[in-house]
Amino acid sequence: MLKINPFYELSSLVPSLVMQIFIIFMLLMVIFGTIIDTIHKKNVKYFFLNAKKAKKSAKVKLSKSKRTSVILKTIASDIATTSELGFGKRRLAHVLGMYGTILFWLASAVMVFKYSTPGSNTPIFWPYVWHIGAIMTCVGGYWFWFFLRVDVYSEANPWYRVIKADLFVLALLACATSGLVWSLTQSSGMEKTSLLFLFLFVISNLILFGGVYWSKFAHMFYKPGAAIQKNLAEADGSRDNLPPPADAPEQFGLGIKREQPKHY
Ligand code: HEM
């Protein structure tokens, strides 16, 4: 299963061009959903107004090389390793899911656009990347869903409580899971079952990419921008117009040790 390009196998039923149009359609839905989301929330407008305001209270003018170094450090830490989530399970689960999804999407695009026409020969590398990406997404995503979600971890709600905010993670998991089972049933020769999972794979992709406006999908674009702005504001001393940390010892009394902080 891990060595087989499921899109190539599918090309005997669905023309490669249809699969390519589907991917382009998904991409357009992400662009459209994100634009509508930014218009509705006015977050990009707020972001630039805030950055302009913060610039006025800057204590130092950052040179080009200092700015570049702050941005590169942000990419390497805040973005590439989601350092905002601290050290621990939350960050590990996110990194697994994030890189898993990136690998899964990248391999899907390569296999559909380059290796899904009859007679093409898929290098074994890409099916591996696709399957491993889907497995990483499932490990990180299910870990987050069952154990780490704030409303389960901190607010003692049961894992099966579903709210609108779960749309993104659930659609992402549905895509990775149905994709894996589709590939498994296809490579085991279970034709009818594989068609059922192909159908579920298509539906979950439509929900994931079509639901950008309602889900947390666009955080993958907003978070990097916000992290860069925050670190630049720290470097130029404007600190987003926030006061500096108190210059006093951290004395919270013994009560602070009774329980790990987890009630956000
Ligand atoms: C392909 C890229 C990404 C994927 C697939 C992804 C996936 C996810 C998922 C599934 C969640 C859980 C959403 C929920 O609360 O229901 C999440 C939350 C989060 N993501 Fe991402 N993400 C991506 C990129 C990023 C980037 C680039 C950053 C930061 C620079 C980031 C920061 C966060 C943070 C801070 C949370 C909240 C985590 C928590 O509540 O434990 N993500 N992400």
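This section describes the overall architecture, the helix packing, the ligand shell and selected loop residues of a predicted model.

The protein is built from 10 helices and 0 strands, and its elements follow the pattern α-α-α-α-α-α-α-α-α-α along the sequence. When taken along the principal axes, the box filled by the C-alpha atoms of the protein is roughly 70 × 45 × 35 Å. Of the 264 residues in the protein, 22% are buried. Among contacts in the protein with a separation of 6 or more, 79% are accounted for by residues 24 or more positions apart.

Two helix pairs were examined for their packing. The first pair consists of H8 and helix H9, the latter spanning residues 191-210. The axes of H8 and H9 come within 8 Å and cross at roughly 160°. Because angles over 145 degrees count as roughly antiparallel, H8 and H9 are therefore roughly antiparallel to each other. The crossing of these two helices is left-handed. On the side of H8, the contact is made by Ala171, Leu172, Ala174, Cys175, Ser178, Gly179, Val181, Trp182, Thr185 and Gln186. The residues contributed by H9 are Thr193, Ser194, Phe197, Leu198, Leu200, Phe201, Ser204, Asn205, Ile207 and Leu208. Sorted by class, the contact of H8 with H9 comprises 12 nonpolar and 8 polar residues, with no charged residues.

The second pair is formed by H5 and H6, whose axes come within 7 Å and cross at roughly 150°. H5 likewise passes H6 in a left-handed crossing. The contact of H5 with H6 contains 18 nonpolar, 9 polar and 2 charged residues.

Both H5 and H6, together with H8, also take part in the surroundings of the ligand. The shell around the ligand receives at least two residues from each of helix H4 (64-79), helix H5 (89-114), helix H6 (125-148), helix H8 (167-187) and helix H10 (219-235). H5 gives the most to this shell, with 6 residues. There are 26 residues around the ligand, of which Met98, Thr101, Val169, Met220 and Lys223 come nearest. By class, the shell is made up of 14 nonpolar, 6 polar and 6 charged residues.

The loops contain two residues with notable backbone angles. Most residues other than glycine have a negative phi. Lys42, which is not a glycine, nevertheless has a positive phi of about 60°. Lys42 is placed in the loop between helix H2 (16-41) and helix H3 (43-56). With 10 other C-beta atoms within 10 Å, Lys42 is exposed, since a residue with 12 or fewer such neighbours is classed in this way. A positive phi of about 60° is also found for Ala156, again not a glycine. Ala156 lies in the loop between helix H7 (150-153) and H8. Ala156 has 7 C-beta neighbours inside 10 Å and so counts as exposed.

The loop between H8 and H9 includes Gly189. Gly189 has 8 C-beta neighbours inside 10 Å and therefore counts as exposed. The C-alpha atoms of Gly189 and Pro261 are separated by 51 Å, the two residues being 72 residues apart along the chain.

Conventions: Residues are numbered from 1 along each chain as its sequence is written. This is a predicted model: local features need pLDDT of at least 70, side-chain atom pairs count only at pLDDT 80 or more; totals for chains, interfaces and linings use all residues. A residue is near a molecule or strand if its C-beta atom, placed from the backbone, lies within 6 Å of it. Helices (H or I, at least four residues) and strands (E, at least two) are DSSP runs, numbered from the N terminus. Ala, Val, Leu, Ile, Met, Phe, Trp, Tyr, Cys and Pro count as nonpolar, Asp, Glu, Lys and Arg as charged, and the others, Gly among them, as polar. Axes are lines fitted to C-alpha atoms, for helices over the stretch in contact, and angles run from 0 to 180 degrees between N-to-C directions. Angles under 35 degrees count as roughly parallel, over 145 as roughly antiparallel, 65 to 115 as roughly perpendicular and the rest as oblique. A crossing is left-handed if the near helix is turned anticlockwise from the far one by less than a right angle, and right-handed if clockwise. Two residues are in contact if their C-beta atoms, placed from the backbone, lie within 7 Å. A residue is buried if 20 or more other C-beta atoms lie within 10 Å of its own, exposed if 12 or fewer, and partly exposed in between; C-beta atoms are placed from the backbone.
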